[in-house]
Amino acid sequence: MHGEGVLSSGLSMGELGQRVRGERQARGLSIERLAELSGISRSMVSEVERGTKTPTVLVLDRLATALGTSIARLLDEPAHSAMRVLRHTEQRVLRDPSGWERRVLSPVLGDVEFEFMRTTIGPGVDAGEFSPHAPGSREYLAVEHGSLRLTINGRPYELAAGDSAYYPGDCRHAYANDGTTDCVFYLAMEVSGVGHHEPRRESPDA
């Protein structure tokens, strides 16, 4: 996708590309290997690293997952103090052209791979399926407003406002809003492992 892109809060495509390249090189991965791990074409990975193409949120998430990290680490520098307040205007926001938004609420903390985010999905919007993270990863979700179709390894679960869910992060997971109003949910994610992950696991009841 070309144009204004999915990022706000001032991060340029060139800066994002440099961070993706830095994370890849720090793990000793070639562009070809990152493309293989992420399921993204080599040309797309190269264009993202050069800052010549804006990735969708789903593409950026797949790159982060293949690197064993989070989108937050690709968007921000690690915090250097024990206490940090993130004002609303300082939070990294990604907007996908399909009609949904992810706001990163947590700072990047050293070697800790943790991400806390607020997601808004418009009515009738399917945000797509996200790749499994490394084994040992965990995700905790709570719906604030509207309804959410959470799909884990192909099995759908309908969640309403006030409902919450936990699932292993090394499962395929997808989010969609089949309702007529915005769905707002919070997601906390712990990412385990570095740089690669094992084959996808299927949950016993999938």
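Modeller: Helices (H or I, at least four residues) and strands (E, at least two residues) are DSSP runs, numbered from the N terminus. This is a predicted model: local features need pLDDT of at least 70, side-chain atom pairs count only at pLDDT 80 or more, and totals for chains, interfaces and linings use all residues. Residues are numbered from 1 along each chain as its sequence is written, and side-chain values use heavy atoms, without hydrogens or water.

Colleague: At about what angle does helix α4 run to β1?

Modeller: Axes are lines fitted to C-alpha atoms, for helices over the stretch in contact (heavy atoms within 4.5 Å). Angles run from 0 to 180 degrees between N-to-C directions. Helix α4 covers residues 57–66 and lies across β1 and β2. To β1, helix α4 runs at about 125°.

Colleague: Over how many bridges do β1 and β2 pair?

Modeller: Two strands pair if DSSP finds at least two bridges between them. Strand β1 spans residues 93–96, and strand β2 spans residues 100–104. One bridge links Leu94 to Arg102 of β2. β1 and β2 pair in the antiparallel sense, and their bridges number 4.

Colleague: Which residue in the turn of the β1 and β2 hairpin has a positive phi?

Modeller: The hairpin has 3 residues between its strands. The positive phi is about 115°. In the turn, the residue with that phi is Gly99.

Colleague: In what order do the 6 strands of the open sheet stand?

Modeller: The pairing in this sheet is antiparallel. Its 6 strands stand in the order β1-β2-β3-β10-β5-β8.

Colleague: Why is one side of β1 and of β8 left without a neighbour in the sheet?

Modeller: β8 covers residues 164–168. Each of β1 and β8 has a single partner strand, so one side lacks a neighbour; both stand at the edges.

Colleague: By how much are neighbouring strands of this sheet turned against each other on average?

Modeller: Direction is ignored in this average. Neighbouring strands are turned against each other by 20°.

Colleague: Which residue of β3 is the bridge partner of Val104?

Modeller: Strand β3 takes in residues 114–121. β2 and β3 pair in the antiparallel sense over 5 bridges. The partner of Val104 in β3 is Met117.

Colleague: Which residue of β8 is the bridge partner of Leu141?

Modeller: Strand β5 runs from 138 to 145. 5 bridges join β5 to β8, and the two run antiparallel. In β8, the partner of Leu141 is Ala165.

Colleague: How many bridges pair β5 with β10?

Modeller: Strand β10 holds residues 183–190. Arg138 has Glu190 of β10 as its bridge partner. β5 and β10 pair in the antiparallel sense, with a bridge count of 7.
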